[in-house]
Amino acid sequence: MTVRIDTLSNGLTVVTENMPGLQSAAIGVWVRAGARHESASENGIAHFLEHMAFKGTTSRSALEIAETIEDVGGYMNAYTSREMTAYYARVLKEDAGLALNLIGDILTNPVFAEDEIATERGVILQEIGQVHDTPDDVIFDWLQEVSYPGQAMGRSILGPAENVKGFGREHLISFTGAHYRPDRMIVSAAGAVDHDALLAQAEAIFGRLTPSTVQAVEPAKFVGGERRMVKDLEQAHLALSWETDGWTSDRMYAMQAFSSLFGGGMSSRLFQEAREKRGLCYTIFSQAGVHEDTGAFTVYAGTSGEDVGGLTELVADELRRAADGVTEAEATRARAQLKAGMLMGLESPFSRCERLARALMVWGRVPTVEETVAKIDAVDAAACADAARRLAESGSIAMALYGPVEGAPSAEALTKRLAA
């Protein structure tokens, strides 16, 4: 498989990876415009734009967009994160050009019709309401706010309802004009793709765009603290977070391996101790999220009001115990899980397509799969224990609790317990 990268004169990057033997392709445009690129008054607009992408262009109605991709058996979608927005399609190999043409049309020729804006505003408000009614969703927004208070990194991707209610056509045009610029965009494709053909097409679609003048984002500063809402629910929802390294640090591989052995599966320490041995919960897991300049090691659990205090303390105690050492068997299993997850995922054209775009945005290059595997293989038991130690001794924790959580210790008490 061969990765090819070219950059147009206006800064737009085109990257492809041909996957021999496939009859399909994944094609998308990744834009460096996510929630952390918004001001407080703009919070939610990147996600709003994602919704509006499929609502009509100067040459196609919303129905025609849907029919164009579905007439060839294809599929289109989009997502918004804190650091980017992606628009992508899956099609058969002969329709790769059509897919890029369609994505290019919705990005460069949107209409932003007032009636469609009103409709999508209602849809997004319903989405926000659904999140607020789902404790194991909203608790992660609270955790993010507590981790990075008063910062773009700490705001929700959906934004507050009052912002969404106020967004109009002029706001969408302004944000698009500032951020949807060629030097902030990557055209990425994988599968049965022809690099030269897509490069020429990208030049035709995006070549007339001019570079941006947007300033760098505000650096993320993890603060930590606590948000607790006592409510009469069946379950107490608990989320804890510690700051970790960003994409540019090789230590992230050790943190991901540690997350796997600590709370990543049925053999993990948290699952075995909290659920299998003590029956304190049905769901418990950990994950290591990574951003450009920061990261977060997160633990989530749902339990009863009677057990929330003991479960919270158990998480701290298990983290402290892991800092004192993990076994080589645990490290070996964690490495195997990381490698299998990555390599299995890369059998999908979309996963490869997304990997190319993310790598270029973060590192400005695409590491080989062999390079990534080598970095995972370099993680041993000592590196995993060191990851746990850095968390336990960080001195700062973020905590979000929702439900019958009166019995849970405070973030300060938990930090002291870890330091003891």
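The paragraphs below lead through some helix packings and a few single residues of this structure, which is a predicted model.

A convenient place to begin is the loop that holds glycine 168, which connects helix H6 (161–166) to helix H7 (169–179). Glycine 168 has a relative accessible area of 10% and is therefore buried, since buried is taken to mean under 20%. Leaving aside residues up to four places away in sequence, glycine 168 touches Ile117 and Arg121. Its C-alpha lies 16 Å from the C-alpha of glutamate 38, and the two residues are 130 residues apart in sequence.

Helix H7 itself comes next, and its buried residues are Leu172, Phe175, Thr176 and His179. When one looks down the axis of H7, these buried residues fall within an arc of 100°, so they line one face of the helix. The general geometry of such a helix helps in reading this pattern: with 3.6 residues a turn in an α-helix, residues three or four places apart point the same way. The partners of the buried residues of H7 are strand E3 (24–31), helix H1 (45–52) and helix H4 (114–132).

One of these partners, H1, can be followed in more detail. The axes of H1 and H7 come within 10 Å of each other and cross at roughly 100°, and because angles from 65 to 115 degrees count as roughly perpendicular, H1 is described as roughly perpendicular to H7. On the H1 side the meeting involves Ile45, Ala46, Phe48, Leu49 and Met52, while H7 contributes His171, Leu172, Phe175 and Thr176. Sorted by class, the residues of this contact comprise 7 nonpolar, 2 polar and no charged.

The loop between helix H3 (96–108) and H4 is the place of phenylalanine 112. This residue has a positive phi of about 55° although it is not a glycine. For comparison, most residues other than glycine have a negative phi. Phenylalanine 112 is also buried, its relative accessible area being 8%.

Further along the chain, strand E8 (residues 236–244) contains serine 241. At 2% relative accessibility, serine 241 counts as buried. What does serine 241 touch, not counting residues up to four places away in sequence? Its contacts are Leu143, Ser147, Phe222, Ala296, Phe297, Thr298, Ile397 and Ala398.

A second helix pair consists of helix H9 (residues 251–263) and helix H12 (residues 328–345), whose axes come within 8 Å and cross at roughly 105°. H9 and H12 are therefore roughly perpendicular to each other. Tyr253, Gln256, Ala257, Ser260 and Leu261 of H9 make this contact with Glu330, Ala334, Gln337 and Leu338 of H12. The classes represented in the contact of H9 with H12 are 5 nonpolar, 3 polar and 1 charged residues.

Both of these helices also appear among the neighbours of helix H10 (residues 269–277), whose buried residues pack against H9, strand E9 (281–290), strand E10 (295–303), H11 and H12. Within H10, the residues that are buried are Arg269, Leu270, Phe271, Glu273 and Ala274. After H10 comes glycine 279, which has a positive phi near 60°.

The last helix pair brings together helix H11 (residues 308–323) and helix H15 (residues 381–392), which pack at an angle of about 130° with their axes 7 Å apart. That angle makes H11 oblique to H15, and the crossing in which H11 passes H15 is left-handed. The contact is formed by Leu319, Arg320, Ala322 and Ala323 of H11 together with Ala385, Ala388, Arg389, Leu391 and Ala392 of H15. By class, the residues of the contact of H11 with H15 divide into 7 nonpolar, no polar and 2 charged.

Arginine 389, one of the H15 residues in that contact, deserves a separate look: is it buried or exposed? With a relative accessible area of 29%, arginine 389 is partly exposed, because this value falls between the limits of 20% for buried and 50% for exposed. The C-alpha atom of arginine 389 is separated by 14 Å from that of alanine 257, and the two residues are 132 residues apart along the chain. Alanine 257 was met above on the H9 side of the contact with H12.

How values were computed:
Residues numbered from 1 in each chain as written. Predicted model: local features only at pLDDT ≥ 70, side-chain atom pairs only at ≥ 80, totals over all residues. Heavy atoms only, no water. Helix = DSSP H or I, 4+ residues; strand = E, 2+ residues; numbered from the N terminus. Buried < 20%, exposed > 50% of the residue type's maximum accessible area, 1.4 Å probe, protein only. Contact = heavy atoms within 4.5 Å. Arc of directions from axis to C-beta. Axes fitted to C-alpha atoms, helices over the stretch in contact; angles between N-to-C directions. Parallel < 35°, antiparallel > 145°, perpendicular 65-115°, else oblique. Left-handed = near helix turned anticlockwise from the far one by under 90°. Nonpolar A, V, L, I, M, F, W, Y, C, P; charged D, E, K, R; others polar.
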